[in-house]
Amino acid sequence: MGPGPSDVSPRVLAALARPTIGHLDPQFQALMEDIKAGLSRLMNAPDHACIPLPAPGTAGMEAAIMNLLEPGDVAVVAVNGAFGGRMADMAGRAGAEVVTVDHAWGEPVDPARVEDALKGRNAKVLAFVHAETSTGARSDAASLCALARRHGALSVVDCVTSLGGIVVDVAAWDADVVYSGTQKCLSAPPGLSPIALSKRAQAAIAGRREKVRNWLFDFNLLMSYWGGEGGRSYHHTAPINALYGLHEALVALFEEGQQAAFVRHARTHEALVAGLEAAGLKLLVDPAHRLPQLNAVVVPEGVDEAAVRAHALAHWDLEIGAGLGPLKGEVWRIGLMGASATPWHVRLCLSALCEALAAQGHAVDARKALAAAEATIGEALAA
C-alpha cells in the first residue's frame, strides 16, 4: 500500500502466465489492436494515438519530453513535487530553455502563476503533473491544458498515478500528450507506460528539425510497429506477457465500470481518512486537492517514521511509502490503488499503523480509528 506498485489481481497474474507467442504473430497483433482501443476508451482519447511504451511510467515522461522538444525550444514546467522536477530535468537534457513554476510540495499547480510564465515566451511545451505521487496533490488538468492552447504550447500531462483511479479525460482537456503507468490504479505489474498523442503532437514530432535523441521512444519509429498501416515493421521485441497483463487489467476495469472504480477509490479514501483522523493523524494536502489513491500522512512529532514502516512490514506484511525530497522523514505515502483500494486494505493499514505507533509509545486508539473507518464504509455501502 505504498505509492506503487499496487497489488496485482489474481486474474492479471494468471494472464501473465499465458504461453508467450511472437511479437509479429497475427494473434498478438490482434491483441495489440484491442489494447490500443482499450487505452483510447480508458483515457477518452478517440482522436489520439494510444500505445503502451515498453518501460515504466518514467518512460512516458521521457518519450513525451524528448519527442516534442529540440535545442532552443522553450518549455514551461510546473513543479509541485518530485515528478514535476523530473520533467524539468528531462527538458533541460533535451536542450530546451526551461522555465519552472515552483510551488510548495503538497499544493496543486496554480493556473494563474503558470499563465504568467507563459506570457510572451512562445513556449513550445507546458508540462505538469496531474496527480503528484510525491505529495498526493491533484492539479486542474483542464484549466492548465486550456492555458497551453491559449498560448500556443503543447501540453504534456503526467497521469501515472491518476489513470484508473480518478477521471482522465484527454478529449475534454484537449491535451496533447498524456502518459501513465500500469503499476498503480490499473493493478498490472510495472513495466509499461500507456501514452496518448494528439494530432498536433504527432505533427510536431513529424516536423522536427533533427532526429529524436531517444531511439527506442522515437514515435516516428514506434508507430511503424504500433500503427499497423500497411503491415507492421519490426522495431523492438514487445514485452508479450506484460501486454497480456495490461489487456486483462483493462478488461477487468471495464467489467467493473470506470465510474464504479472511481467511486470505489473515493470511498475507500474517505474511510481511511476517517480512521486516520480518529487516530489523531493529519494529511498533508488540503481536502479539496487530495488524491483518493495516494494519501500523504504527516508523521507525528517525535515518531520515527522509518521504524513505523519497518514494523508494519515485519509484523503485518504491509508496505507503505516514505516521503521524497523535502518530505523525507515528514510523511508516509499510503496507496489505495486498483486492487488495493478495498475496505480490507483500509482495515489492514489502520491496524498496522496504530500498532506501530503504539510500539513507539505514541498513544493512539486503534478501536476508535477502526470504528470511524467502518462507519464511513457502512455509509458508503448503504449509499
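In this predicted model, the sulfur of Cys159 has its closest cysteine sulfur in Cys145, 8.4 Å away, which is too far for a bond. Cys159 is also buried, at 0% relative accessibility. Cys349 tells a similar story: the closest cysteine sulfur belongs to Cys354 at 8.9 Å, again too far for a bond. With a relative accessibility of 1%, Cys349 counts as buried. A disulfide is a covalent bond between the sulfur atoms of two cysteines. Searching the whole structure turns up 0 disulfides.

Let's turn to charged pairs. Side chains of opposite charge can pair when their charged atoms come close. The structure holds 15 salt bridges, and the table lists some of them.

| Salt bridge | Closest N to O distance |
|---|---|
| Arg11 and Glu248 | 2.9 Å |
| Asp89 and Arg93 | 3.0 Å |
| Arg200 and Asp176 | 2.8 Å |

Arg11 and Glu248 form a salt bridge. Arg11 sits in helix H1 (residues 10-16) and Glu248 in helix H10 (residues 240-256), so their pairing ties together parts that are 237 residues apart in sequence. Arg11 is partly exposed at 33% relative accessibility, while Glu248 is buried at 11%. Both belong to a network of salt bridges that also links Arg18 and Glu255.

Asp89 and Arg93 lie in one helix, H4 (residues 82-93), with their positions 4 residues apart, about one turn of the helix. Here Asp89 is partly exposed at 40% relative accessibility, and Arg93 is exposed at 59%.

The side chains of Arg200 and Asp176 also meet in a salt bridge. This pair links distant parts of the chain, 24 residues apart: Arg200 is in helix H8 (residues 199-206), and Asp176 is in the loop between helix H7 (170-173) and strand E8 (177-179). Arg200 is partly exposed at 33%, whereas Asp176 is buried at 0%.

Asp176 also appears among the contacts of His48, along with Val170, Ala175, Ala196, Leu197 and Ser198, leaving aside neighbours within four places in sequence. His48 is found in the loop between helix H2 (26-43) and strand E1 (49-53), and is buried at 16% relative accessible area. A polar atom of the His48 side chain lies 2.8 Å from the backbone oxygen of Ala175.

Finally, a sheet: 3 strands form an open, antiparallel arrangement in the order E10-E12-E11. Strands E10 (294-298) and E11 (321-322) are at the edges with a single partner strand each, so one side of each has no neighbour in the sheet. Helix H12 (residues 305-316) packs on this sheet, touching E11 and E12, and its direction makes about 30° with that of E12. E11 pairs with E12 (residues 331-335) over 2 bridges, and Gly321 stands opposite Arg333 in E12.

Methods: Residues numbered from 1 in each chain as written. Predicted model: local features only at pLDDT ≥ 70, side-chain atom pairs only at ≥ 80, totals over all residues. Heavy atoms only, no water. Pairing = 2+ DSSP bridges. Contact = heavy atoms within 4.5 Å. Axes fitted to C-alpha atoms, helices over the stretch in contact; angles between N-to-C directions. Buried < 20%, exposed > 50% of the residue type's maximum accessible area, 1.4 Å probe, protein only. Polar contact = N/O pair within 3.5 Å; in protein donor to acceptor, adjacent residues only side chain to side chain. Disulfide = S-S within 2.5 Å. Salt bridge = Lys/Arg side-chain N within 4 Å of Asp/Glu carboxyl O.
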